[in-house]
Amino acid sequence: MAKAWICLFFLFFFCISSERNFIKVNAEMKTWCVAKPSSDQAALLDNINYACSHVDCRILSSGCPCYSPGNLINHASIAMNLYYQANGRNYWNCNFKNSGLIVITNPSYGNCYYEYK
C-alpha cells in the first residue's frame, strides 16, 4: 500500500512540476476531452451549459449523429471536447472543475466523430 501512495505522489508531483512538458506532449499527440465517469449529473449539466455557451453544440441536437445515446455523460463529453478543441488543447481547457479527462484514444463512435483540430 505504501508503494502505491509513493507512486501516486510521484505522478502527481511530476504532473504539477512539469506543466510545460505536459502541454508539449499534448501538442505532439492527438488528444480529446471527455467527462470523467465519476462526475455527478449536476456537474455534467453545468459542463454542457458552459461549453455550449462558448462553442456550437448543434451536433448534439435531436436527429444529429451525436445525439444518441441521449444521456448526460455522452452529451457532456462531446460538448467538453468541442470546447477543448476550440480553445487550444491544454489541461486547463479540459478541467471543468475537475470533471474532465484528457484521453489519447479517439472516443468517436458510429457516425459521431469527436472533433479534433
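**A walk from a pocket to a buried helix**

Five nonpolar, three polar and two charged residues make up the lining of the second largest pocket. That is a good place to begin with this structure, which is a predicted model. The pocket has a volume of about 190 Å³, and its lining consists of Ala43, Asp46, Asn47, Tyr50, Tyr83, Trp92, Asn93, Phe96, Lys97 and Ser99. Helix α3, residues 41–52, gives the most to this lining, with four residues. As for how such spaces are found, rolling a probe the size of a water molecule over the atoms shows where empty space is left.

Let us step back to the whole chain. The protein has four helices and two strands, and from the N terminus on they run α-α-β-α-α-β. Of its 117 residues, 33% count as buried. The protein exposes about 7,600 Å², and carbon and sulfur atoms supply 63% of that area. If you look at the contacts with a separation of 6 or more, residues 24 or more positions apart account for 74% of them.

Now turn to helix α4, which covers residues 72–86. Do its ends lie where the length of the helix would put them, and what span should you expect? At 1.5 Å a residue, its 15 residues should span 21 Å, and the end C-alpha atoms are 21 Å apart, so the two values agree. How enclosed is this helix? Of the 15 residues of α4, 12 are buried, so the helix is largely enclosed by the rest of the structure. The buried residues are Asn74, His75, Ala76, Ser77, Ile78, Ala79, Met80, Asn81, Leu82, Tyr83, Tyr84 and Gln85. Tyr83 also brings us back to the start, as one of the residues that line the second largest pocket. After α4 comes glycine 88, whose phi is positive, near 80°.

Our last stop is serine 68, in the loop between α3 and α4. Is serine 68 buried, exposed or partly exposed? Its relative accessible area is 46%, and since buried means under 20% and exposed over 50%, serine 68 counts as partly exposed. Leaving aside neighbours within four places in sequence, serine 68 is in contact with Asn74 and Tyr109. Asn74 is among the buried residues of α4, so here the loop residue meets the helix we have just visited. Serine 68 also lies 8.7 Å from cysteine 112, C-alpha to C-alpha, with the two 44 residues apart in sequence.

Terms used: Residues numbered from 1 in each chain as written. Predicted model: local features only at pLDDT ≥ 70, side-chain atom pairs only at ≥ 80, totals over all residues. Heavy atoms only, no water. Expected span 1.5 Å × (residues − 1). Buried < 20%, exposed > 50% of the residue type's maximum accessible area, 1.4 Å probe, protein only. Contact = heavy atoms within 4.5 Å. Areas by Shrake-Rupley, 256 points an atom, 1.4 Å probe, with all protein chains shown as cover. 1 Å grid on protein atoms, 1.4 Å probe; cavity = no way out; pocket = protein on both sides within 12 Å on 5 of 7 lines; lining within 4 Å. Points joined across faces, edges and corners; volume = space filled by probe spheres on them. Nonpolar A, V, L, I, M, F, W, Y, C, P; charged D, E, K, R; others polar.
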